[in-house]
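Got the structure open in your viewer? Here is a tour of its open and closed spaces, the contact between its chains and a charged pair, with a suggestion at each stop for what to select.

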Amino acid sequence: MTAAVFFGCAFIAFGPAFSLFIFTIAKDPLRVIILIAGAFFWLVSLLLSSLVWFIATKATNAQDLTLQKNLLIFGSIFSVILQEVFRFAYYRLLRKANEGLAAISEEDGPPLSVREMAYVAGLGFGIMSGAFSMINTLSDSLGPGTVGMFGDSQYYFITSALMTLALTMLHTFWGVVFFEGCERKRWWVIAVVLCVHLMVFSLSLLNPFYVGSILPVYAIMLLMAVWAFFSSGGSLHNITLLWTCRKSNTETSS
Amino acid sequence: HRFIGGDSICILRQAFFLSCVSASISGDTGVIHVLESEADLEWPLSKGPNPPYMVLLESSLFTRSIMMKMKNESNRVAGVAVVVPNTSPPEFSPHTTCPNENTGVYSDNYGPNLAHCNTTVWNPRGNGLSYEEFDFPVFSLKEDNETEFIKQCYLDHNRAVNGSAPQYPLCAMQLFSHMHAVTNTPTCMRRNDINFSINPEMVCDPLGDYNVWGSIRPYNDTVFGHKENESVVIAAARLDSRAFFWEVSTGAEGSVSGFVTLLAAAQALREVTHEAPPTRNILFAFFQGETFDYIGSSRMVYDMENGKFVIDLDNIHSVLEIGQVAVHSGTNLFLHSDPVSRRNNTVNDENLVNNLQSSTAGLSFLLVEPNVSQPLPPSSLQRFLRAQPIPGIVLADHESAFNNRYYESFYDNAANLNLTYPSDLSPEEQLEFVTDTAKSLTDVATVVARALYKQAGGNESLVNNIKADPKIVTQMLYGFLVSSNNSWFQAVMAPELKNILKPSPPEYYVGVAMSSTPTRLVQYLLANLTGAATNLTQSQCQKPDELPNESRQMYSYLWVQGIVPPNSTERDSFCVRASVRLTKAVSPAFELGEYASKDYSTWTESRWKFIKARIFLVASRDLEMLTLGVGVAVLFTSLLVTYFISTKADVLFSSTREPASAAY
């Protein structure tokens, strides 16, 4: 659909992730490493779950469309579960690594707190998930045509980009919440994250009824943002502090 | 998107002007518009709000006026797709009204009042579309499911309702047909010659192929130039034709009728010339590339003038050419001759005319000379006359203008010759069925054979025994106009060439690959029909010089597949010895390097990578800009918010923090 759509969708899908990377991750090499390792963990989980799906489709009749669709749903649910398993595995790995990093670092104590690792790991998952969702669609959007010849909606590109954006941010928030839950041994958090992930997936099944899928997903994203904010040490008091701090700064400077 | 197969476009360039230009290298995209009438042309050309348009035409609308109107507004037209139906319109000829007018014999110096069709317009139905330059590609589409899909897409998305503009998304088509050649032949050939790199990029190639010739008495293929006391009667026909779209050139009346008749005449003469050889030799010549300013005949005349052929022009006694002979407008056929040389008494056509007219004894038609003094129709004979006065006659079914209503178009096919078969026959039975068309051409071939025998000084008493074989004629018509992959053609072809036989008729466009199917078929047919089967084995056939009585200089030896005997699966292959040769038919202009020559054909064909088309929907510009705008807004907002949060992170995320490490 031409370069305009390509850039527009690329910016929508990857803009926030890009800015987060630039301002919070890029300057610290350790964070970069954790980000990339997190992306790799997500990738491995996808690979294993897709292997299962692939075997299932090859073993069955390719002509039966409802069966294939059901297999896809089954495969995706399996993938969601596997992603959360790998998130937990990554958490254990980082905890182990943290001790080692603390031993060799020059400062007293570990160079990265668990909260920071949680955020970076979640962002890593999110970026990789977004890339896989969006890259093929982006490359198709460079051509002169758009979706719709066989009856599909012409808003496909922009809604794909919006979903990818939501999913990236959701993975980040889930990472924060999940790791915090594991730290505090609150195992119900893991179950809730898994359920929310499954809920987002099932909402995406409503496409192309975009109103029914995009709006609820964004609502969930806002809720998760709030929860992640609180679980990483924020509070309403801090927000008011921020506000008055700015106020007082402007008062003193003027 | 969906890919569409489509034959395509015109791609040739002559010396001084373009003749159909191509698309841009990234393809031409346009919103599909199915043209309903000539008045509907207003929509793509002026009223439609979403230019450029890709115009889809039914063949009835593929006329000169519509194409020229689109040519004038070519910035609003991205391309044209023509739907080729299965039935023919009443008449259609994209060729010019005066074919080959600049390279024939008539010019300001020779019969100026006859030049440029001043007296007789040979192809009055010609609209000259094949020689127009278009800035957009022109495709052809067959009338099948894919074309229906395109029309349905147009009806679903692009139809203007009550004059208001249709809503996005719109159905569009993109045609890729980038041609590498530029401007005209001299420029293009000069670009070919630039060799900066190790792999020079050729951008165009000269048109050409091979002429096929055979003779009653063989000639030594290594001895060229004038032969003392040798007098030859030349019987000529042309092999090629063209259409607007290069892949569908059928040329039934334009070329097939002529060369099939000549092949049948050659076969009819075989026996009598072995029993009682005539005093003069008879040379059968089949010229390729005649459509494009007489490529084959001009090359043969050039070779004769320069001592590169087995005989030269002084050896020629007379020329009999078979033109278009299958579409009769009465019972008679006509003998055309050149009035200028007759008037000057430099040549004497009387003998040839008498021989021809007397040969129709016992047959149902007469051969008549036209009433008025008119020039020769476009024919290879004109190139011979250009070099030197020679007695010559062109045999044709038209007295003045062509009877052919589809000259050089894709409708000049079997239906144009009324070639019909009863519906319940299998392909093999159709091959053997003697149609009325075949019977009529057989009679013409009989006349031609008898006249040639008399003209060559043969024994008069044997003339009435010469008869062409209607079975052979009908098999040839089937193979050349319906399906070339039949048992007879398979039997006469070489084993390594059997892949050129297809279940459809061959294409008669001369091309650049020097290996066109008609040339090969005529070569092998002429060899089988005039040559002799020998006992040589396959290895002997390839190296006949080792045997005492055989000589590759005098004959060509061809190993052919032969028929499949009834109770076996192996073919009965054998070696044919015939005095049949191929000579190169590339315009002398390219040998001489005179790419801007006015005397010789300078046609070239552009090179191209691939040709394809696809259809898809296009979105409105507004939606695209909206997407871009939203994207840029999201990017900037996220940059700002992230910067803000990251600087204030220590305030926002207070809890137990190690003092040294940076916060979020």
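Start by selecting M169(A), F173(A), A225(A), V641(B) and I645(B): among the 32 residues that line the second largest pocket, these lie nearest its centre. Keep in mind as you look around that this is a predicted model. The space in this pocket comes to about 940 Å³.

Now colour the elements around the second largest pocket. From chain A, pick α1 (2-25), α5, α7 and α8 (236-253), then add α17 of chain B; each of them supplies at least two residues of the lining. Which one gives the most? That is α17(B), with eight residues. Switch to colouring by residue class and the lining of this pocket shows 24 nonpolar and eight polar residues, with no charged ones.

**Along the interface**

Stay with α17(B) and bring up the side of chain B that touches chain A. Select the contacts between the chains and you should get 43 residues of chain B against 42 residues of chain A. The size of an interface is often given as the accessible area lost when the parts come together. Here chain B and chain A bury about 3,600 Å² between them, and 72% of that is on carbon and sulfur atoms.

How many salt bridges are there between chain B and chain A? The count is zero. As for polar contacts across this interface, the rule finds two residue pairs, both at pLDDT 80 or more.

To see which elements of chain B are involved, select α3 (145-158), β8 (170-176), β22 (612-618), α17 (621-647) and α18 (649-652), the ones that give two or more residues to the side touching chain A. Once again α17(B) is the one to highlight: its 16 residues are the most that any element gives to this side. By class, the residues on chain B's side divide into 26 nonpolar, eleven polar and six charged.

**Over to chain A**

Hide chain B for a moment. Chain A has eight helices and zero strands, so to speak a run of α-α-α-α-α-α-α-α from the N terminus on. Its C-alpha atoms fill a box of roughly 65 × 45 × 30 Å along the principal axes.

Next, select L72(A), S76(A), S133(A), F201(A) and S204(A), the closest to the centre of the largest pocket among the 38 residues that line it. This pocket has a volume of about 1,500 Å³.

The helices to colour here are α2 (29-59), α3 (65-104), α4 (114-141), α5 (156-183), α6 (188-204) and α7 (210-231) of chain A, each with at least two residues in the lining of the largest pocket. The biggest contribution, eight residues, is from α3(A). The class colouring gives 17 nonpolar, 19 polar and two charged residues for this lining.

**A salt bridge to zoom in on**

While α3 is on screen, show the side chains of R95(A) and E183(A). The two form a salt bridge, with the closest N and O atoms 2.9 Å apart. The partners come from distant parts of the chain: R95(A) sits in helix α3 and E183(A) in helix α5, 88 residues apart. Over all chains, the structure holds 27 salt bridges.

**Closed spaces in chain B**

Bring chain B back for the last stops. How many cavities of 30 Å³ or more does a search of the whole structure find? There are five.

For the largest cavity, select R238(B), E321(B), G323(B), P378(B) and S379(B); of the 25 lining residues, these lie nearest the centre. Its volume is about 230 Å³. Add α5 (252-275), β13 (316-322) and β16 (392-396) of chain B, the elements that give two or more residues to the lining of this cavity. With four residues, α5(B) has the largest share. The lining has ten nonpolar, eleven polar and four charged residues.

Finish at the second largest cavity, at about 140 Å³. Select C98(B), E101(B), Y106(B), W122(B) and Q382(B), the closest to its centre of the 18 residues that line it. The class colouring here divides the lining into twelve nonpolar, five polar and one charged.

Key
Residues numbered from 1 in each chain as written. Chains lettered and ligands numbered in written order. Predicted model: local features only at pLDDT ≥ 70, side-chain atom pairs only at ≥ 80, totals over all residues. Heavy atoms only, no water. Contact = heavy atoms within 4.5 Å. Buried area = accessible area lost by both parts, 1.4 Å probe. Salt bridge = Lys/Arg side-chain N within 4 Å of Asp/Glu carboxyl O. Polar contact = N/O pair within 3.5 Å; in protein donor to acceptor, adjacent residues only side chain to side chain. Nonpolar A, V, L, I, M, F, W, Y, C, P; charged D, E, K, R; others polar. 1 Å grid on protein atoms, 1.4 Å probe; cavity = no way out; pocket = protein on both sides within 12 Å on 5 of 7 lines; lining within 4 Å. Points joined across faces, edges and corners; volume = space filled by probe spheres on them.
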